[in-house]
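Colleague: I am new to this structure. Take me closely through the pairing of its charged side chains, then show me what surrounds the rest.

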Amino acid sequence: MKTAGCVSAIAIAVACAICALGATLPMSMPGISMLTTLLWLFGAGGAICLLLRRAIEADDRVRDLQTRLAREQEARRSLDTILADTQTVLSKVVRQQDSARDGERSRIAREIHDELGQTLLTLRVELCLLQVSSDGVHPSVHQKAATMVGTLDLALQSLRTVVNGLRPLALGEGLRAAIERQLDEFTSLNGIAHQLEIAPGTLAEPECAPYDTEALLYRVLQEALAGVAQQASATHVRVVLQRGGNGLTLRVDDNGERNRRPAQSCACGLAGMRERVEASGGALRIASAPGGGTALSLVLPCSRGLALS
């Protein structure tokens with residue numbers, strides 16, 4: 001209605017201008033009649049009105065599109081806010097699950113240490129007494145007892161490894177020291193050489209690696225090393241930790257068999273790690289490394305990480 005009214009007013013104004021122009025023309029012009037002049041003027045006026053109407057319609061369409069764009073932008077901002085809130089809630093849920101999981105792991109580790117550990121230590125003491133008492137009296141029994149003590153020592157060492165793996169992370173000494181200790185134990189137990197590279201300044205900013213991010217990164221490293229240990233063909237592993245524009249990046253490369261399939265336990269562990277990483281806004285990828293072997297890449301954002309309550 002508003003556009004039609006504007007067009008009508010413009011048409012009337014153009015008609016008046018045409019009449020005024022016609023009145024100023026001389027009554028006799030060589031070769032041109034008055035009727036021809038009026039028809040030409042009315043045609044020009046109609047063309048001008050049509051162009052003005054199209055311009056007004058185009059202007060109305062532009063305003064309509066601008067209104068729709070503003071509404072869509074507002075809806076996009078609302079969705080971004082909802083997504084951020086959902087991410088925060090999801091991160092808090094992940095933290096609660098991690099807390100419950102660590103509590104259960106600590107309970108299991110305590111029971112194994114207190115019950116099974118003490119029983120194995122008692123058995124070792126009795127075997128040592130048997131070994132001493134049979135020395136020079138029953139050589140075969142003495143030798144057998146010594147073998148059993150050695151086997152029991154290996155069992156106790158494996159039990160300590162399991163208990164240490166079940167206990168909550170002790171990162172109070174810092175992420176660097178924890179990674180170095182984990183790699184030293186990995187090399188000692190599996191005979192696989194390791195190389196650790198931490199770029200300067202990677203852990204210089206505490207806000208870039210809060211405890212939750214450090215714990216998640218450390219757990220992923222544990223799962224990656226467990227996968228490497230299960231591959232007999234791997235003889236060397238390289239661990240790189242650096243900070244870039246996307247956040248903290250952990251890369252674990254080994255020289256084992258290319259395109260290997262992870263063991264079922266390792267695959268399940270990495271699947272759980274991937275879910276926790278994605279919930280924290282990061283990414284976990286596994287691919288073939290250049291020249292052979294497998295490369296695991298973890299990226300955790302510095303700015304967000306796991307949401308803190």
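Modeller: A search of the whole structure finds 11 salt bridges. A salt bridge here is a side-chain nitrogen of Lys or Arg within 4 Å of a carboxyl oxygen of Asp or Glu. The model is predicted, so local features need pLDDT of at least 70 and side-chain atom pairs count only at pLDDT 80 or more, while totals for chains, interfaces and linings use all residues. Residues are numbered from 1 along each chain as its sequence is written, and side-chain values use heavy atoms, with hydrogens and water left out.

Start with Glu57 and Arg53. Their side chains meet in a salt bridge, 3.3 Å from N to O. Both sit in helix α2, residues 34-133. Helices (H or I, at least four residues) and strands (E, at least two) are DSSP runs, numbered from the N terminus. Glu57 and Arg53 are four residues apart, about one turn of the helix. That spacing has a general background. An α-helix has 3.6 residues a turn, so residues three or four places apart point the same way.

How covered is this pair? Glu57 is partly exposed, at 30% relative accessible area. Arg53 is partly exposed too, at 45%. Buried means under 20% relative accessible area, exposed means over 50%, and partly exposed is in between (1.4 Å probe, protein chains only).

Next comes Asp59 with Arg63. Their closest N and O atoms are 2.1 Å apart in a salt bridge. This pair also lies in helix α2, four residues apart, about one turn. Asp59 is partly exposed at 37% relative accessibility. Arg63 is partly exposed at 40%.

Further along is Glu104 with Arg107. Their side chains form a salt bridge of 2.4 Å, N to O. Here the spacing in α2 is three residues, about one turn of the helix. Glu104 is partly exposed at 38%, and Arg107 is partly exposed at 31%.

Some bridges join up. Glu197, Arg238, Arg251 and Asp253 are linked in a network of salt bridges. Two strands carry part of this network's numbering: β2 spans residues 236-244, and β3 spans residues 247-254.

Now follow those strands. β2 and β3 run antiparallel and are joined by eight bridges. Two strands pair if DSSP finds at least two bridges between them. A hairpin links β2 and β3, with two residues between them. Gln242 has Thr249 of β3 as its bridge partner. On β3 there is also a partnership with strand β5, residues 294-300: six bridges, again antiparallel. Val252 stands opposite Leu296 in β5. Strand β3 is mostly covered, with seven of its eight residues buried.

Stay with Val252. Leaving out residues up to four places away in sequence, Val252 touches Leu221, Ala224, Val237, Arg238, Val239, Thr294, Ala295 and Leu296. Contact means heavy atoms within 4.5 Å.

Val252 also belongs to the largest nonpolar core. That core has 28 residues, and those touching the most other members are Ile179, Leu217, Val220, Val237, Leu250, Val252 and Leu298. A nonpolar core is a set of buried Ala, Val, Leu, Ile, Met, Phe, Trp, Tyr and Cys residues joined through side-chain atoms within 4.5 Å. The elements giving two or more residues to this core are α4, α5 (211-229), β2, β3, α6 (264-279) and β5. Its largest share, eight residues, comes from α5. Apart from this core lies another, of nine residues, among them Ala109, Leu120, Leu127 and Leu166. As a general point, nonpolar side chains in soluble globular proteins tend to be buried together.

Helix α4 deserves its own look. It covers residues 175-190, has 16 residues and reaches 22 Å from its first C-alpha to its last, close to the 22 Å expected at 1.5 Å a residue. The expected span is 1.5 Å times one less than the number of residues. Its buried residues are Leu175, Ala178, Ile179, Gln182, Leu183 and Phe186. They lie on the same side of α4, because they cover an arc of only 130° around the axis. The arc is that of the directions from the helix axis to the C-beta atoms. Just after α4, Gly191 takes a positive phi of about 70°.

One last stop is Ser134, in the loop between α2 and α3 (139-166). Ser134 is buried, at 3% relative accessible area. Leaving aside neighbours within four places in sequence, Ser134 is in contact with Pro139, Val141 and His142.
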